[in-house]
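Here are my notes on this one, point by point. Have the model open alongside as you read.

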Amino acid sequence: MAAGFVDFVITWRADVFRDAPQSSSAASFGTLGINFRARKASSSSEWEAALAALACDLPTAPQPATVFAADRFYDAGDRGCAEGPLLEIAALLKEMRPGQTLEVRAPDPSVAEDLPAWCRMVGHQLVAQKSDRYLLRRKPNMGA
């Protein structure tokens, strides 16, 4: 669609020479191939209708299931601590009440070293770790 095509057909293992305007000896050998056919809109109204009919619903990725029964859940994706999750984890913990728990999903291997060290530095408790999951307890007093 970005190139302005309103029709696009791929024909697989078809006799692509059957309707050719010139003669070809390839058809006599039983050559089958792939045929790509594309057509641009003949008017702006056809283009607008094609855009309106375009279905762009993308399937939603399944959300990771929690492992711990935490008060909140945070998914760091594939990012390591140096790529931003620590700031986001800190902001989430700041919103929580003292003693509440946060489950963090972080499969990046660097998190196994960085997150426990960060918890020790700022006073939050790393309660448990299971594979790429970490259960953090907010420190009793956030203080200044």
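1. Let's start with the sheet. It is an open one of four strands, in the order β3-β4-β6-β5, and the pairing is mixed. The edge positions go to β3 (72–75) and β5 (125–130); each has a single partner strand, so one side of each is left without a neighbour in the sheet. From one strand to the next, the twist averages 20°. Do keep in mind that this is a predicted model.

2. Stepping back to the whole chain: it holds three helices and six strands, and along the sequence they follow the pattern β-β-α-β-α-β-α-β-β. Of its 144 residues, 27% count as buried. If you take the contacts between residues at least 6 apart in sequence, 67% of them join residues at least 24 apart.

3. Now the middle of the sheet. Strands β4 (residues 101–105) and β6 (residues 133–137) run antiparallel and are joined by five bridges. One pairing to look for is L102, whose bridge partner in β6 is L136. How much of β6 is buried? Four of its five residues are, so the strand is largely enclosed by the rest of the structure.

4. On its other pairing, β6 meets β5, again antiparallel and with five bridges. Here A128 stands opposite L135 in β6. The two strands make a hairpin with two residues between them.

5. That hairpin turn deserves a look. Most residues other than glycine have a negative phi. S131, in the loop between β5 and β6, is not a glycine, yet its phi is positive, about 60°. Is S131 buried or exposed? It is exposed, with a relative accessible area of 66%.

6. Two helices go with this sheet. Helix α2 (residues 85–95) lies across β3, β4 and β6, and runs at about 170° to β3. Helix α3 (residues 111–122) also packs on the sheet, where it touches β4, β5 and β6, and its direction makes about 5° with that of β6.

7. I'd spend a minute on α3 itself. Its 12 residues reach 16 Å from the first C-alpha to the last, close to the 16 Å expected at 1.5 Å a residue. Which of its residues are buried? They are V111, L115, P116, W118 and C119. Looking down the axis of α3, you find these buried residues within an arc of 160°, so they line one face of the helix. That set packs against α2, β4, β5 and β6. The face turned away from the buried side carries the exposed residues E113, R120 and M121. Just after α3 comes G123, with a positive phi near 100°.

8. R133 is one to click on. This arginine lies in strand β6 and is buried, with a relative accessible area of 8%. What does its side chain meet in the way of polar contacts? There is one of 2.8 Å to the side chain of E103. Leaving aside neighbours within four places in sequence, R133 is in contact with P64, A65, T66, V67, F68, F73, E103, V104, R105 and A128.

9. F73 turns up in that list, so let's look from its end. Its place is in strand β3, one of the edge strands. F73 is partly exposed, with a relative accessible area of 29%. With neighbours within four places in sequence set aside, its contacts are P64, T66, L102, E103, R105 and R133. P64, T66, E103 and R105 are thus named for F73 and for R133. For a sense of how the chain folds back, F73 and L135 are 62 residues apart along the chain, while their C-alpha atoms are separated by 9.3 Å.

10. To pull the picture together: β6 pairs with β4 through five bridges and with β5 through five bridges, and α2 and α3 both touch it. Buried R133 sits in this strand, and exposed S131 belongs to the loop that leads into it from β5. If you look at one region of the model, β6 and its neighbours would be my pick.

Terms used: Residues numbered from 1 in each chain as written. Predicted model: local features only at pLDDT ≥ 70, side-chain atom pairs only at ≥ 80, totals over all residues. Heavy atoms only, no water. Pairing = 2+ DSSP bridges. Axes fitted to C-alpha atoms, helices over the stretch in contact; angles between N-to-C directions. Contact = heavy atoms within 4.5 Å. Buried < 20%, exposed > 50% of the residue type's maximum accessible area, 1.4 Å probe, protein only. Polar contact = N/O pair within 3.5 Å; in protein donor to acceptor, adjacent residues only side chain to side chain. Expected span 1.5 Å × (residues − 1). Arc of directions from axis to C-beta.
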